[in-house]
Amino acid sequence: MTNKMLKFVKLNQETPNKRDTKERKTDFNEIYGEFIKDKAKEQSSRCSQCGVPFCQIHCPLQNNIPDWLKLTAEGRLKEAYEISQSTNNMPEVCGRICPQDRLCEGNCVIEQSGHGTVTIGSIEKYITDTAWEKGWIKPIKVKKESKQSIGIVGAGPAGMACAEELRKSGYQVTIYDRYDRPGGLLIYGIPNFKLEKHVVERRTKLLKESGIKFVQNFEVGKNKTLYELKKKHDAILIATGVYKAREIDIPGHNLKNIFPAMDFLTASNRKGLGDKVELFDNGTLNAEGKDVVVIGGGDTAMDCVRTSVRQKAKSVKCLYRRDRENMPGSAREVGNAIEEGVEFVWLTSPKSFIGDTHIKAVEVNKMKLGDPDLSGRRRPEIEKGSEYKIPADLVIKSLGFDPENIPKLFNAKELDISKWGTIKIDLKTMQTNLDGVFAAGDIVRGASLVVWAIRDGRDAAVQIDKYLRMKQINKKSEAAA
Ligand SMILES: Cc1cc2nc3c(=O)[nH]c(=O)nc-3n(C[C@H](O)[C@H](O)[C@H](O)COP(=O)(O)OP(=O)(O)OC[C@H]3O[C@@H](n4cnc5c(N)ncnc54)[C@H](O)[C@@H]3O)c2cc1C
Ligand code: SF4
C-alpha cells in the first residue's frame, strides 16, 4: 500500500469530527480524496436504519439517505447512485461542502447516542465520484423537445439545478452569466481545497452536452434589460446570488491593501484555474510572507484565513467582535483553521486602519458581551481604553454580503424586493410580482448554502413547468375560441 493510501485508510477510520489533526496539517486538503470501497461499505453498514430518519429530515433536499446507505453497504453502488441523484443535482458537491455537522450528520441517531455519526457526506461523495468514474452519469436525452424556452440569469447552483430539471422535461434553456465561467460561487468563491474546480467543470460540461446553452460574460442590466430578456423567453428565473460586500466605515478605510473577501478569494481561485491574475502575480492579492488580518467570523472569513495559510502568509489573525461560542461560522471550520495555525482574536473590533499610503496596522478595541439584542445574541460593547494595534500588511474584510439593487441594475423598477433587498416571491409559486419571472437561491434567501440553492432551483423548475403548461393550455383554448 502506498503512503498516500495508508493516509486515507487512517483518515477514514475515524469520523470527520474526529479526524486526526496532524493529517490535516500535512495533507492540507479538506477533501477526503478516495473514500476506499471497504470503508464506504463499513461506514454505510453502521446506519441503524432507524424508523425516523432524522438525517433525511434535516437534509434540505430530503435525500433518501437510509436507502442509499443500505445499498452501499450491500455493494449495490449503481442503485445507490440512482437514488442519490434522484433528489440532488450535485451530490458530489454537497458531499464535499455541506456543513454536515449542522445538517444530516449532526442529526444522525448514532451521533446523538454518542457513537460518532455515519459519515454521510463522504459516502455521498464516494457514490457519485464512482458514478462519474464508471461512466454512469450521462447527458440528458430529451424524449420530446418543447418549443418553450426559459432564460435563467445566474449560473450558480440554483440556476444550474433549475436548468437541468427543466431540460429533463424538454424545455429550451439558456443560462446567462456575467462571469467568464459558469458555477457562480462554486467556481470563484469556495476555495479549491474544499471543492476542486474540475468537479464543478464536469457538471457544467454535462449540462452543455444535455443541450443547455450558456451565455457567459453577459450581464443582465448591461447587455440586456430584464424586459428584453423576458420578450425572448416564455419564462425567466433570476438566480443571481448576493454579492454586495458589507463595508467597514472607519478611519483609514481607503488605505491600500485592504480588500473585500471576494477579491481575495476570486484572485486565488482564478490562479488555481490557471488564469493570469495581475494583482496576484505582482504580490498585491497574494498573502505570501505577509501579516494578514481577516475581519469577520463567518464561513467566508474561514475560507480567507485558510487560503492565506496555504499561500504561506507570515501570520494570519482573525478578528471577531464576539466570542468563539457566538461565531456565525461552522465550528468545524473554526477548529480546522486553529489546527492550521490561524490565531483568533475574539472579542475584538477594528477602530481604525493605520498607515501612510498602505495599511501598516489595525487599531482595535477590546469588546465585552452585553445584553441580548433583537436577534437574541448578546450585543458586543466596547471596553473603554482597551485600544491596541495589530501589525498588518494585508487586511481582508469579510463581514457578509447583501443583495445588489436588482430592480435598478436590471432596469426593472417594478420588481418587488424585501427590506433587505432580496427578491420577493410567492412562496408557493416561486414567482415574483412580475408575470413569468421567478427567483431562487441566495437572491431570495440572502447568503445561504449550496444545498439550499439546489433545493430552490429544483422547486423553481417544478413551478416554471406548471406555469408553462398552463400558458400552453390557455394559448390553445384562445386559439380554439
Ligand atoms: C467564500 C464563500 C464560501 C462558501 N462556502 C460554502 C460552503 O462551504 N458550503 C455551502 O453550502 N455554501 C457555501 N457558500 C454559500 C454558497 O456558495 C451560496 O449559498 C450558493 O452559491 C448560492 O447559489 P446561487 O446559485 O443562489 O448564487 P451564486 O452561486 O452566487 O451564483 C449567482 C450567479 O449569478 C451571476 N450573476 C449575478 N448578477 C448577474 C447579472 N446581473 N447578470 C448575469 N449574471 C449575474 C453571478 O455571476 C453568479 O455566477 C459560500 C459562499 C462564499 C461567498
Ligand atoms: S445534501 Fe448535504 S445535508 Fe443532504 S445528505 Fe448530502 S451532505 Fe447531508
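## Exercises on a parallel sheet and a ligand shell

In strand β8, Ser315 is the bridge partner of Asp291. The model is predicted, so local features need pLDDT of at least 70 and side-chain atom pairs pLDDT 80 or more, while totals for chains, interfaces and linings use all residues. Residues are numbered from 1 along each chain as its sequence is written.

**Exercise 1.** Work out how β7 and β8 pair, and which strands stand at the edges of the sheet.

*Solution.* Strands here are DSSP runs (E, at least two residues), and helices are runs of H or I with at least four, numbered from the N terminus. Two strands pair if DSSP finds at least two bridges between them. Step one: β7 (291-295) and β8 (315-319) are joined by five bridges in the parallel sense. Step two: the open sheet has five strands in the order β6-β14-β7-β8-β9, paired in parallel. Step three: β6 (258-260) and β9 (343-345) each have a single partner strand, so one side of each is left without a neighbour in the sheet.

**Exercise 2.** Find which strands helix α16 lies across, and its angle to β8.

*Solution.* Contact means heavy atoms within 4.5 Å. Axes are lines fitted to C-alpha atoms, for helices over the stretch in contact, with angles from 0 to 180 degrees between N-to-C directions. Helix α16 (299-310) lies across β7, β8, β9 and β14, at about 170 degrees to β8. For α14 (261-272), the strands are β6 and β14 (394-397), and the angle to β6 is about 80 degrees.

Conventions. Chains are lettered from A and ligands numbered from 1 in the order in which they are written. Side-chain values use heavy atoms; hydrogens and water are left out.
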